[in-house]
Number of protein chains: 2
Amino acid sequence: MKNGARKGKSLAQLCVEKGMTLTKKRKVIINVIEKDPGHLNTEDVYNRAKMEDSSISIATVYRSLKLMRDYNVIDHHSFGQEHQHFESPMKSHHDHFVCNECGKITEFTDNSLEKLKINVARSHDFEMHSHRLEIYGLCSDCSKTSQ
Amino acid sequence: MKNGARKGKSLAQLCVEKGMTLTKKRKVIINVIEKDPGHLNTEDVYNRAKMEDSSISIATVYRSLKLMRDYNVIDHHSFGQEHQHFESPMKSHHDHFVCNECGKITEFTDNSLEKLKINVARSHDFEMHSHRLEIYGLCSDCSKTSQ
DNA sequence: TTGTTAATTGGGAATGAATATCATTTTTAC
DNA sequence: GTAAAAATGATATTCATTCCCAATTAACAA
């Protein structure tokens, strides 16, 4: 399976395989992304990267993230009106719950949903490369307190 | 059903029901959205609205769209890095294919997919208000020519 | 190593969509 | 009609993202 094959490889390895030059700055950025299991926006990545290398520029962060996006080694999302978020594709594919109340983003996976997506694309003669599903509403915490 | 109940009502009616003031300018904007069956971005709406009322300002278009969004009488999307798109919710819910090559956005509906989304949200104790699914890849035209 | 060339970078300017401001106009409620 | 509230137009502002260019670093043949 696609994601299975990726597991075990570091983000750095993936970047090299795709032909990206691994500079010092990029290593720092990659490191930041790999360390964090959640969703990071560009500002987050920048702030954390600066802790390791204070000379790093926001432009480099933007460029590197864009590059990794283009090379398909990281996933990016833009939830609603929010800024772009990035996450390492090391983990297998998942979708998101976005809470309209507290803004919390939770991941979930559902195999039958994944299969259905593939079927739907196929039946519409669409060659699927990627997909994303976001479900908006109230997370369990917020739906309790709003009663 | 939710969308079924909406069918037949005009966007203008919906706005009034929700408590929005129906000004001349807003009528023009509503008219533009209702006329177009597809996806409009803010610039599109502005350009078309100006044909009916040349005095209309882009600020008013932004304000009106934002208002209608907040009142849940129109749907908005931001596909990938693209700008926001709007569409009338008169039509029943649908998802989108987004072609990475030509940028074309196609709608599709799949009932079993819809049901599955509901089930998944329920089983994760998430109170679903809305959802969106986008499938990225190559449309049938582009996947042919790229061979 | 060293030199040469290409790629990367830092910092600040530029871009562009979206929002805020405020004086003026239109709506609404009476 | 009139007064208060809401909406509008024009423009300024914000803010994430990208561009620009000189300086730095990487790649690699000799």
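Which helix supplies the largest share of the surface near DNA strand C? Keep that in mind as we walk through this predicted model; the tour begins with chain A, moves to the DNA and ends in a sheet of chain B.

**Stop 1: colour chain A by confidence.** The mean pLDDT of chain A is 82, with 82% of its residues at 70 or more. Now select residues 1–6 of chain A, where the pLDDT is below 50. Beyond near neighbours in sequence, this stretch makes six contacts in the model. Where pLDDT is low, the predicted coordinates should not be read in detail.

**Stop 2: select DNA strand C and what surrounds it.** You should find 19 residues around DNA strand C, the closest being Thr23(A), Lys25(A), Ser57(A), Thr60(A) and Tyr62(B). Colour this surface by residue class and you will get nine polar, six charged and four nonpolar residues. Next, turn to the DNA side: of the strand C atoms within 4 Å of the protein, 74% belong to sugar or phosphate, and the rest to bases.

**Stop 3: show the helices.** Three helices each give at least two residues to the surface near DNA strand C: H3 (24–35) and H5 (58–70) of chain A, and H5 (58–70) of chain B. Here is the reply to the opening question: H5(B) provides the largest share, four residues.

**Stop 4: zoom in on individual contacts.** Start with Arg26(A), where an N or O atom of the side chain is 3.1 Å from a phosphate oxygen of DNA strand C. Then move to Ser57(A): here a polar backbone atom is 2.6 Å from a phosphate oxygen of the DNA strand. Finally, pick Arg63(A), which has a polar side-chain atom 2.8 Å from a base nitrogen of DNA strand C.

**Stop 5: leave the DNA and select residues 95–99 of chain B.** This is strand S4. Is it buried or exposed? Five of its five residues are buried, so S4(B) is largely enclosed by the rest of the structure. Rotate the view to check both faces: Asp95(B), Phe97(B) and Cys99(B) are buried on one side, His96(B) and Val98(B) on the other.

**Stop 6: add the partners of S4(B).** Show strand S5 (residues 105–108) of chain B, which pairs with S4(B) in the antiparallel sense over four bridges. Within this pair, look for Asp95(B) opposite Phe108(B). Then bring in strand S6 (residues 127–138) of chain B, whose pairing with S4(B) is parallel and also runs over four bridges. To end the tour, select Cys99(B) together with Gly137(B), its bridge partner in S6(B).

Key:
Residues are numbered from 1 along each chain as its sequence is written. Chains are lettered from A and ligands numbered from 1 in the order in which they are written. This is a predicted model: local features need pLDDT of at least 70, side-chain atom pairs count only at pLDDT 80 or more; totals for chains, interfaces and linings use all residues. Side-chain values use heavy atoms; hydrogens and water are left out. pLDDT is the predictor's confidence in each residue, from 0 to 100. Contact means heavy atoms within 4.5 Å. A residue is near a molecule or strand if one of its heavy atoms lies within 4 Å of it. A polar contact is a pair of N or O atoms within 3.5 Å; within protein, one must be able to donate a hydrogen and the other to accept it, and residues adjacent in sequence count only if both atoms are side-chain atoms. Ala, Val, Leu, Ile, Met, Phe, Trp, Tyr, Cys and Pro count as nonpolar, Asp, Glu, Lys and Arg as charged, and the others, Gly among them, as polar. Buried means under 20% relative accessible area, exposed over 50%, partly exposed in between (1.4 Å probe, protein chains only). Two strands pair if DSSP finds at least two bridges between them.
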